[in-house]
Amino acid sequence: MSEAVGPEGGGRPAGGRRELAYAALLCLAGAGLALWAATRTWVVDAAAASALDEERTGARLLPWLPALALVGLAGGGAVLATSGWLRRVLGGLLALLGLALAGGGGYGLVAEIGDQVSRQWPALTLVGGLIAAAGGLLTAVRGRRWPAMGARYERRSRQPVEAAGPIQGAGTVDAWDALDRGEDPTVS
């Protein structure tokens, strides 16, 4: 099986960028879905002594649920900004975080938490957690091979840095070129 090479011809597989995008989107979509579902009404308690029904959201029942979902959203963005072993560790943490979100949704499905339980919101929290866990697992397993953010914008020096010195008759363009080579145009 041959791998496609990216348009810049650098030998990096074009699929690496695609996998990176899929993993980040899975993490963001899963955590976002879990956060949204956790803020919906999961339980309505109809108290006999009160004429008012008390609505409780998933965030009120499990206060850690929206916090984990927000960390998952931040982690989804961090997948794009990291590289190497740090990205793989982040992927493992995101997989665990997604499983914790799914566990919170599963708890909402099976626990006796009130009179009228709305099952669709805990179920969506569970699904969101599983999606985020899949993105984290993909990152942990394959993230080492993916390109780093901004690596293609780094400029390589054309001349060795040892040739540093003041620029003779320096114009604006010459000064900028010296800075690009890593030289200080102000040094005499």
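1. Order of elements. From the N terminus, the chain of this predicted model follows the pattern α-β-β-α-α-α-β-α-α. That makes six helices and three strands. Of the 188 residues, 31% count as buried. The area exposed by the chain is about 11,200 Å², with carbon and sulfur atoms supplying 62% of it. Among contacts with a separation of 6 or more, 63% involve residues 24 or more positions apart.

2. The largest nonpolar core. This core has 13 residues, and those that touch the most other members are Trp42, Val43, Leu62, Leu65, Leu101, Ile113 and Trp121. At least two residues each come from H1, strand E1 (41-46), helix H3 (64-81) and helix H4 (84-110). H1 provides the largest share, three residues. A second core, separate from this one, has seven residues, including Leu20, Val79, Leu94 and Trp146. As general background, nonpolar side chains in soluble globular proteins tend to be buried together.

3. Helix H3. Does the length of H3 agree or disagree with its number of residues? The 18 residues should span 26 Å at 1.5 Å a residue, and the end C-alpha atoms are indeed 26 Å apart, so the two values agree. The buried residues of H3 are Leu65, Pro66, Ala69, Gly72, Gly75, Gly76 and Val79. In an α-helix there are 3.6 residues a turn, so residues three or four places apart point the same way. Two of the buried residues of H3 also appear in the cores: Leu65 belongs to the largest one, and Val79 to the second.

4. The aromatic pair. The count of aromatic pairs comes to one. Trp36 and Trp121 form this pair in an edge-to-face arrangement, with 5.0 Å from centre to centre and 85° between the planes. The pair links distant parts of the chain, since Trp36 lies in helix H1 (residues 14-38) and Trp121 in helix H5 (residues 120-142), 85 residues apart. Are the two partners buried or partly exposed? Trp36 counts as partly exposed because its relative accessibility is 41%. Trp121, by contrast, has a relative accessible area of 18% and is therefore buried, the cut-off for that class being under 20%.

5. Thr125. This residue is found in helix H5. Thr125 counts as buried because its relative accessibility is 0%. Which residues does Thr125 contact, once neighbours within four places in sequence are set aside? They are Ala34, Ala37, Ala38, Trp42, Leu65, Leu101, Ala102 and Gly105. Among these, Trp42, Leu65 and Leu101 are also members of the largest nonpolar core.

6. Ser118. The loop between strand E3 (116-117) and H5 holds Ser118. At 18% relative accessibility, Ser118 is classed as buried. Its side chain is joined to that of Gln120 by a polar contact of 2.8 Å. Beyond its neighbours within four places in sequence, Ser118 is in contact with Thr41 and Trp42. Trp42 is thus a contact of Ser118 and of Thr125.

7. Gly15 and Arg145. Gly15 is placed in helix H1 and counts as partly exposed, at 27% relative accessibility. In sequence, Gly15 and Arg145 are 130 residues apart, while in space their C-alpha atoms are 10.0 Å apart.

Terms used. Residues numbered from 1 in each chain as written. Predicted model: local features only at pLDDT ≥ 70, side-chain atom pairs only at ≥ 80, totals over all residues. Heavy atoms only, no water. Phe/Tyr/Trp six-rings, centres within 6.5 Å; stacked < 30°, edge-to-face > 60°. Helix = DSSP H or I, 4+ residues; strand = E, 2+ residues; numbered from the N terminus. Buried < 20%, exposed > 50% of the residue type's maximum accessible area, 1.4 Å probe, protein only. Contact = heavy atoms within 4.5 Å. Areas by Shrake-Rupley, 256 points an atom, 1.4 Å probe, with all protein chains shown as cover. Polar contact = N/O pair within 3.5 Å; in protein donor to acceptor, adjacent residues only side chain to side chain. Core = buried A, V, L, I, M, F, W, Y, C linked by side-chain atoms within 4.5 Å. Expected span 1.5 Å × (residues − 1).
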